[in-house]
Amino acid sequence: MKIATWNINSIRKRVGNLADWLKRANPDVVVLQEIKCQEPQFPRLEIESAGYKCEVIGQKTFNGVALLSRVPPIEVTARALPGDDTDEQSRYVEAKFATSAGPLRVAGIYLPNGNPANTEKFPYKLGFMRRLRERAALLLGEEELLVMGGDYNVCPTDRDVYDPAGWADDALCRPESRSAFRAMLNLGMTDAYRTLHPSEHAYSFWDYQAGAWNKDNGLRIDHWLLSPQATDRLRACGIDKAERGRAEPSDHVPVWCELDAELLKA
DNA sequence: ATGGTCGGTCCCCGA
């Protein structure tokens, strides 16, 4: 089965790009970030026509995530990241699916950007990352297939950014952000892309500004982190870079994994 | 190349 993440930067603006890509890429499960609308405005009919069920965690203007799947999940297990009841931003969705290899938990994440790093936005990001690590630790205890994908807004190492020195103080590259990302790996999770492509300078995001795309000035900030059980079934991982070159693109492109497991009807 | 971005919303903010 194939699972993908894509920060779509407005689902209403991009539903045509999404439908075209769904047809070409044919993923079984997709997590979307920055849908930038509430649930009633979500273009459910277009996506259902493409053959996908939709779980929508909407928010007006900002943020918002969704989970698309070829079959309905057994259960939507979370519509917000646990650990802070005062957090009203729509940034997390999680569901359990049936597969030929047993239960599969899929989390979709839109991690806070954290800039400017000298404002309250940065501690909010680090707090979210602490809660995400705690959630991962809890789910890892089940010793099942677990994949946590999304826009992490973390560039894990200098290999993952075109200009490490220029970005060193940015919240995407700061040592505190990288340390919190490594803490997820230290629980036993695997960065799927980096594990299968150890030395590539591959990016998943190029800013709209300053001709970043044309100069390949990108960052790798969209990731799939896998439990040991999922890593054992990891067959491939890739980045659909060509999406950034299409008309009216998102500033992010899809990142996908293939697992040796078949998605089943619940 | 001496300027070079989007989307949603409301007259600017977030990325």
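**DNA contact surface**

I began with DNA strand B in this predicted model. I counted 15 residues around DNA strand B. S10, K13, T61, Y208 and Q209 come nearest. I then sorted the surface near DNA strand B by class. It has 3 nonpolar, 6 polar and 6 charged residues.

**Open sheet**

I traced the open sheet next. It has 6 strands, in the order β3-β4-β2-β1-β14-β13. The pairing is mixed. Which strands stand at the edges? They are β3 (53–57) and β13 (234–239). Each has a single partner strand, so one side of each is left without a neighbour in the sheet. I noted the twist as well: an average of 15° from one strand to the next.

I looked at one pair inside this sheet. Strand β2 (residues 29–33) runs antiparallel to strand β4 (residues 65–69), and 5 bridges join them. L32 stands opposite A66 in β4.

**Nonpolar core**

L32 and A66 came up again when I checked the largest nonpolar core. This core has 72 residues. Those with the most contacts inside it are I3, L32, V65, A66, V106, V147 and W224. Nonpolar side chains tend to be buried together in soluble globular proteins.

I picked V65 for a closer look. What does V65 touch, once residues up to four places away in sequence are set aside? The list includes V31, L32, Q33 and I35. I57 is on it too. So are S90, R91, Y92 and V93. G108 and Y110 complete my list for V65.

**Strands around β6**

I followed β6 (residues 92–99) through its pairings. Strand β5 (residues 75–78) pairs with β6 in the antiparallel sense, over 3 bridges. A78 has E94 as its bridge partner in β6.

I moved on to strand β7 (residues 104–110), which pairs with β6 over 6 bridges, again antiparallel. The bridge partner of K96 in β7 is R105. β6 and β7 form a hairpin, with 4 residues between them. I checked the turn: G102 has a positive phi of about 105°.

I also found strand β15 (residues 263–264) joined to β6 by 2 bridges. These two run antiparallel. A98 has L264 as its bridge partner in β15.

**A136 in α3**

I located A136 in helix α3 (residues 121–140). Is A136 buried or exposed? A136 has 20 other C-beta atoms within 10 Å, so it is buried; the cut-off for buried is 20 or more. I then listed its contacts, leaving aside neighbours within four places in sequence. They are M148, M184, L187 and M189. I took the spacing to M148 as well. The two are 12 residues apart in sequence and 8.3 Å apart in space, C-alpha to C-alpha.

**D240 and E248, one loop**

I went to the loop between β13 and β14 (255–259), where D240 is found. D240 has 16 C-beta neighbours inside 10 Å, so it counts as partly exposed. D240 touches A25, V253 and P254, residues up to four places away in sequence not counted. I also checked D240 against L67. They are 173 residues apart in sequence and 19 Å apart in space, C-alpha to C-alpha.

E248 is in the loop between β13 and β14 as well. I count E248 as exposed because it has 8 C-beta neighbours inside 10 Å. Its phi is near 45°, a positive value in a residue other than glycine.

**Backbone exceptions**

I kept a list of unusual backbone angles. Most residues other than glycine have a negative phi, and most peptide bonds are trans. E248 goes on the list for its positive phi. E143 joins it, with a positive phi of about 55° although it is not a glycine. I placed E143 in the loop between α3 and β8 (145–151). E143 has 10 other C-beta atoms within 10 Å, so it is exposed.

Where is the cis peptide bond that I noted? It joins N115 and P116. Omega is about -10°. P116 lies in the loop between β7 and α3.

Key: Residues numbered from 1 in each chain as written. Chains lettered and ligands numbered in written order. Predicted model: local features only at pLDDT ≥ 70, side-chain atom pairs only at ≥ 80, totals over all residues. Core = buried A, V, L, I, M, F, W, Y, C linked by C-beta atoms within 7 Å. Buried ≥ 20, exposed ≤ 12 C-beta atoms within 10 Å, placed from the backbone. Contact = placed C-beta atoms within 7 Å. Near = placed C-beta within 6 Å. Nonpolar A, V, L, I, M, F, W, Y, C, P; charged D, E, K, R; others polar. Pairing = 2+ DSSP bridges. Axes fitted to C-alpha atoms, helices over the stretch in contact; angles between N-to-C directions.
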